[in-house]
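This briefing has been prepared for a reader who has the sequence and the coordinates to hand. Please consult both while reading the points below.

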Amino acid sequence: MLKVGKYFVLAVFCLCLMFSQAQARDLKASLPFPLAPLVESKDKGILVDLVKAMAEEYKGGKITWELYPFKRSMENVEKGKADFHMPQLVNPKISADKLPFMWSSEKIFRVVFALYTNKNNKDINPGNVSKYKIETELGTMDFFDFKVTGSPDIESSLKKVDMGRIDGWIMAMPESDMALKKAGLKNIKRWEFAKYDVRIVLNKNTGKEVDAILTDLIGKLKANGKYQKIMGPILDQKFDPWQP
């Protein structure tokens, strides 16, 4: 009986060790750049600070991150070259099972989309934008039920609005406001347009395991208040009615 008991304890120990090793893994984050104020450099940005905090909290391995153009950052996860990408807006018009990736369980924040129009255009408003020439970021072209043109650069599109070359720009408020203030444009009016959830993008093959790790880390950061401190400027977004 003693011999059997010893082997039983050894077997349990080995199983525990195997389970622990299976849970321990390094993670690589792929972040889109430039995306101020979320990702301004490898060491600066709201989401960069979030990844840093998760890396400090993570005891099962290391979390590293690299910056890429937005489209490539997404492809890194889809092709298994990175474990997760953030941020990504959840398009309510597209079913999750039709996507080439999976969503995280955690919603990391909600984003306000704003409509930017030329002050001289007295007719346009959020309810009739389908009648006008509108630009949006390349990755959000399929969010709308009307025709839009994709643009790779927020500031250049806002300048087109300011000069009257296009009728409007629709995109996330924090990034667009930052570009608007940086460019010093004064001939633009802002409107609230919509709100969208933002989640983390995961690989379809490995996503469940990574999701469990990230959910646990975010839960711990929320419990100790670090999440709220880092994400505070964007966490509970409301439309800011200021005008240039």
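The following notes treat the sheet, the helices, the nonpolar cores and selected local features in turn.

The structure is a predicted model. Its sheet is open and consists of 8 strands with mixed pairing, and helices α4 and α6 are among the elements that pack on this sheet. The largest nonpolar core has 62 residues, and β4 is the element that gives the most to this core.

**Sheet architecture**

- The strand order is β2-β1-β3-β8-β4-β7-β5-β6, and the sheet is open.
- The two edge strands are β2 (63–68) and β6 (149–151), each of which pairs on one side only.
- From one strand to the next, the twist averages 30°.
- In general, the strands of a sheet pair through backbone hydrogen bonds, in either a parallel or an antiparallel sense.

**Strand pairings**

- Strand β1 (residues 27–32) runs parallel to β2, and 6 bridges join the two. Within this pairing, L31 has L67 of β2 as its bridge partner.
- Strands β4 and β8 are antiparallel and share 13 bridges. Here W103 stands opposite V201 in β8.
- Strands β4 and β7 also run antiparallel, joined by 5 bridges. The bridge partner of A114 in β7 is M171.

**Burial of strands**

- Of the 6 residues of β1, 5 are buried, so this strand is largely enclosed by the rest of the structure.
- Strand β4 is mostly covered, with 12 of its 17 residues buried.

**Helices packed on the sheet**

- Helix α4 (residues 154–163) packs on the sheet and touches β4 (102–118), β5 (134–137), β6, β7 (168–172) and β8 (188–202). The direction of α4 makes about 25° with that of β4.
- Helix α6 (residues 207–223) likewise packs on the sheet, where it touches β1, β2, β3 (84–89), β4 and β8. The direction of α6 makes about 75° with that of β4.

**Contact of α6 with α7**

- The axes of α6 and helix α7 (residues 226–235) come within 5 Å and cross at roughly 90°. The crossing angle therefore makes α6 roughly perpendicular to α7.
- Helix α6 contributes I218, L221 and K222 to the contact, while α7 contributes K226, Y227 and Q228.
- Divided by class, this contact of α6 with α7 comprises 3 nonpolar, 1 polar and 2 charged residues.
- Q228 has its place in helix α7. Its relative accessibility is 36%, so Q228 counts as partly exposed.
- Leaving aside residues up to four places away in sequence, Q228 touches L221, K222 and L235.

**Contact of α2 with α6**

- The axes of helix α2 (residues 46–57) and α6 come within 10 Å and cross at roughly 100°. That angle makes α2 roughly perpendicular to α6.
- In this contact, L50, A53, M54 and E57 of α2 meet L214, L217, I218, K220 and L221 of α6.
- The residues of the contact of α2 with α6 are divided into 7 nonpolar and 2 charged, with no polar residue.

**Nonpolar cores**

- Within the largest nonpolar core, which has 62 residues, M54, F84 and M86 are those with the most contacts inside it.
- Strand β4 supplies 8 residues to this core, the most of any element.
- Apart from the largest core lies another, of 8 residues, among them V90, F101, W103 and V201.
- M86 touches S30, L31, P32, L47, L50, V51, M54, I108 and I200, when residues up to four places away in sequence are not counted.

**Cis peptide bonds**

- The peptide bond from F33 to P34 is cis, with omega near -5°. P34 lies in the loop between β1 and α2.
- A36 and P37 are joined by a cis peptide bond, for which omega is about 5°. P37 is found in the loop between β1 and α2.

Technical notes. Residues numbered from 1 in each chain as written. Predicted model: local features only at pLDDT ≥ 70, side-chain atom pairs only at ≥ 80, totals over all residues. Heavy atoms only, no water. Pairing = 2+ DSSP bridges. Helix = DSSP H or I, 4+ residues; strand = E, 2+ residues; numbered from the N terminus. Axes fitted to C-alpha atoms, helices over the stretch in contact; angles between N-to-C directions. Contact = heavy atoms within 4.5 Å. Parallel < 35°, antiparallel > 145°, perpendicular 65-115°, else oblique. Nonpolar A, V, L, I, M, F, W, Y, C, P; charged D, E, K, R; others polar. Core = buried A, V, L, I, M, F, W, Y, C linked by side-chain atoms within 4.5 Å. Buried < 20%, exposed > 50% of the residue type's maximum accessible area, 1.4 Å probe, protein only.
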